[in-house]
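These are my notebook entries on a structure I went through element by element. I wanted to record what sits where, and what touches what.

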Amino acid sequence: MNGAPVDRHWRRPPFIANPLLRWSLFVGAGVYLALAFGTIDVDWPRIADGVPRGQRFIASFFPPDFTSRAGEIFEGIYESLWMTVTSTVVGIALSIPVGLGAARNLSPRVVYLACRAIVAVSRTFPEVILAIFFVKLFGFGPFAGFLALSLATVGFYGKLLAEDIEDMDPVQAEAVRATGASWWQWLVYAVLPQVLPRMIGLGLYRFDINFRESAVVGIVGGGGIGATLLTAFDRYEFDSAAAILLIIIGIVMAVEYTSGFVRKWVQ
Amino acid sequence: MAVRQQGELKVWQRRERGKQFAIWGAWLAGVAVFAYCWRLISEKTIWMFVTDAPRQAVDLAERMVPPKWEYMAKLWLPLWDTLNIATLGTVMALIIAVPVAFCAARNTTPSVIFVRPVALFIIVSSRSINSLVWALMLVTIIGPGVVAGILAIGFRSIGFCAKLLYEAIEEIDEKQVEAVTATGAAGGQVLAFGIVPQIMPAFAGISIFRWDINIRESTVLGLVGAGGIGLQLDASISTLAWTQVSVILLAILATVIVSEWVSAKVRHAII
């Protein structure tokens, strides 16, 4: 035992094993941060000015004023809720054929590519941009918002449905097919039971997203609570705006609890 | 087993009668709600505009082609701003989300009665308010610009990241934590050697996932004045410069596709 003393100190293994990759990532991140902060022109006096302004702003949020604009707020929330219901239902209905088409193990190559393209395009553009265009085409009001949300739902739900179908257990599908089932029977008895529980959960999640998004499509004229919110901001009625935000938070929480309950019930 | 007696024959059915009725009832209620909501929307819609829409769409499409490619030269800087808004906003959100997630997770929170509800409220309120609404507020406070965009994306992402992270923390393997505790590790050491290594892959996955979403969201923040390519989009739409709009939309499409490709690569490398 007279060799060189061995360093027996334990070191935590690094998260990224390859040292070259690790260091180049660190250096890259450093360079990027330097560049990013270098090019952002920050108007420091304006931000410093914003501190007292922000305090006043936050102070004017309290107490939230639910009463003086109660009529408009109620109408806006109500409109948002219908838009959410209709766009979730229509979006999911449309996304079922798209999702089936976009599943690699179900459809021929041409259909697969076409459906994937639909999913990609509707997922790329945020709901607000879709809403701008639908407002141009269909005029102001909840119909434009409804279309924008439906289209966004198709992209979201179609993609997840397709991925879920691709991940299903092929053994069960083969078993049903071996009984001589037709394509429809095969779909209903082999594919549907496997994807349904998760899909119901995701449908409720999308309902939740659509409600939150319906608050912003109104900013560009697509109907719903967003228009009321924008008006409240424009008129500097921050207490009414605070009330609207609290109502949105409350509804989102309620939807979340309900969807947790329904999900347990389904499974 | 759900079986129906049909004379002498026993016929297999998928569900019991009561359950079948319950499902039909749920469908009926669903269809009724949908029909009611649809009627309310259609009352507020001017159907003449809707029937006119195909003509309008063709008209708009004609005005959007050919895209004015030379406008692209003016878009590189806004695109860089958009990238910065998404990246720095995600970084800011992650820095704040980590302590919030540890306070919200049932197994690491300092106090289930006092701290956890506060952390959960932070998560819910940050998640429920859209980044565009955050931007609307921040532009009023600190003025228009990239900083408002970064903060808006950051505030919006805290809830998302913290929620996924605290769910990951709650699902860790307690045996490893126990093993580290048994060596006599202090609280901080248990955290660093027992919990953090277990949630590291989830953390990396969440950051990439949110970054990808944020790229998409930061493209529209400019509509309310919070910087990025949305400013150009808003300006072009309000001046009816449709050939510029089509260039901007193509630029957004390309950015999103690239960011999706990058995040898929990184996720693949991690998992």
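I began with B:Phe193 and looked up its contacts beyond four places in sequence, which turned out to include B:Val180 and B:Ala185. I note at the outset that this is a predicted model, and I read every value below in that light. B:Phe193 belongs to helix H8 of chain B, and I counted it as partly exposed because 16 C-beta neighbours lie inside 10 Å. I also looked up B:Thr181, which is 12 residues away from B:Phe193 in sequence and 9.7 Å away in space, C-alpha to C-alpha.

Next I went to B:Arg106, in the loop between H3 and H4 of chain B. Is B:Arg106 buried or exposed? I found 10 C-beta neighbours inside 10 Å, so B:Arg106 counts as exposed. Leaving aside neighbours within four places in sequence, I listed B:Val112 and B:Glu170 as the residues in contact with B:Arg106. The C-alpha atoms of B:Arg106 and B:Tyr166 are separated by 8.4 Å, although the two residues stand 60 residues apart along the chain.

I then turned to the nonpolar interior, where the largest core has 117 residues, and B:Ala135 and B:Leu165 have the most contacts inside it. I followed B:Leu165 outwards and, again not counting neighbours within four places in sequence, found it in contact with B:Ala97, B:Val98 and B:Ala101, and also with B:Ile199, B:Ala202, B:Phe203 and B:Ile206. Apart from this core I noted another, of eight residues, among them B:Ile229, B:Val247, B:Leu249 and B:Ala251.

For the contact between the chains, I recorded 43 residues of chain B touching 42 residues of chain A. On the chain B side, the helices that each supply at least two residues are H1, H2, H3, H4, H5, H6, H8 and H10. Which of them gives the most to that side? I found that it is H1(B), with seven residues. Sorted by class, the side of chain B that touches chain A has 29 nonpolar, 11 polar and three charged residues.

I stayed with H1(B) to check its geometry: its 28 residues reach 41 Å from first C-alpha to last, close to the 40 Å expected at 1.5 Å a residue. Of those 28 residues the number buried is two, so H1(B) lies largely in the open. For a helix in the other chain I looked up H6(A), residues 142-166, whose 25 residues reach 35 Å, close to the expected 36 Å. H6(A) is mostly covered, with 22 of its 25 residues buried.

H2(B) needed a further look, since I wanted both its span and its bend on record. Its 18 residues reach 25 Å from first C-alpha to last, close to the 26 Å expected, and yet I noted a kink of about 50° at B:Ala53, shortly before the proline B:Pro54.

At the start of chain B I examined two strands, E1 (residues 3-6) and E2 (residues 9-12), which run antiparallel and are joined by four bridges. Within this pairing I read off B:Gln5 opposite B:Lys10 and B:Gln6 opposite B:Leu9. The hairpin has two residues between the strands, and B:Gly7 there takes a positive phi near 65°.

I compared that entry with another backbone angle in chain B. Most residues other than glycine have a negative phi. B:Leu240, however, has a phi near 55°, a positive value in a residue other than glycine. I located B:Leu240 in the loop between helix H9 (229-238) and H10 of chain B, and I marked it as exposed because it has 9 other C-beta atoms within 10 Å.

My last entry concerns A:Phe66, which lies in the loop between helix H2 (44-61) and helix H3 (70-101) of chain A. I classed A:Phe66 as partly exposed because 16 other C-beta atoms lie within 10 Å. How far apart in space are A:Phe66 and A:Thr179? I read 62 Å from C-alpha to C-alpha, for a separation of 113 residues in sequence.

How values were computed
Residues numbered from 1 in each chain as written. Chains lettered and ligands numbered in written order. Predicted model: local features only at pLDDT ≥ 70, side-chain atom pairs only at ≥ 80, totals over all residues. Core = buried A, V, L, I, M, F, W, Y, C linked by C-beta atoms within 7 Å. Buried ≥ 20, exposed ≤ 12 C-beta atoms within 10 Å, placed from the backbone. Contact = placed C-beta atoms within 7 Å. Nonpolar A, V, L, I, M, F, W, Y, C, P; charged D, E, K, R; others polar. Expected span 1.5 Å × (residues − 1). Bend = angle between axes of the 7 residues up to and from the residue. Pairing = 2+ DSSP bridges.
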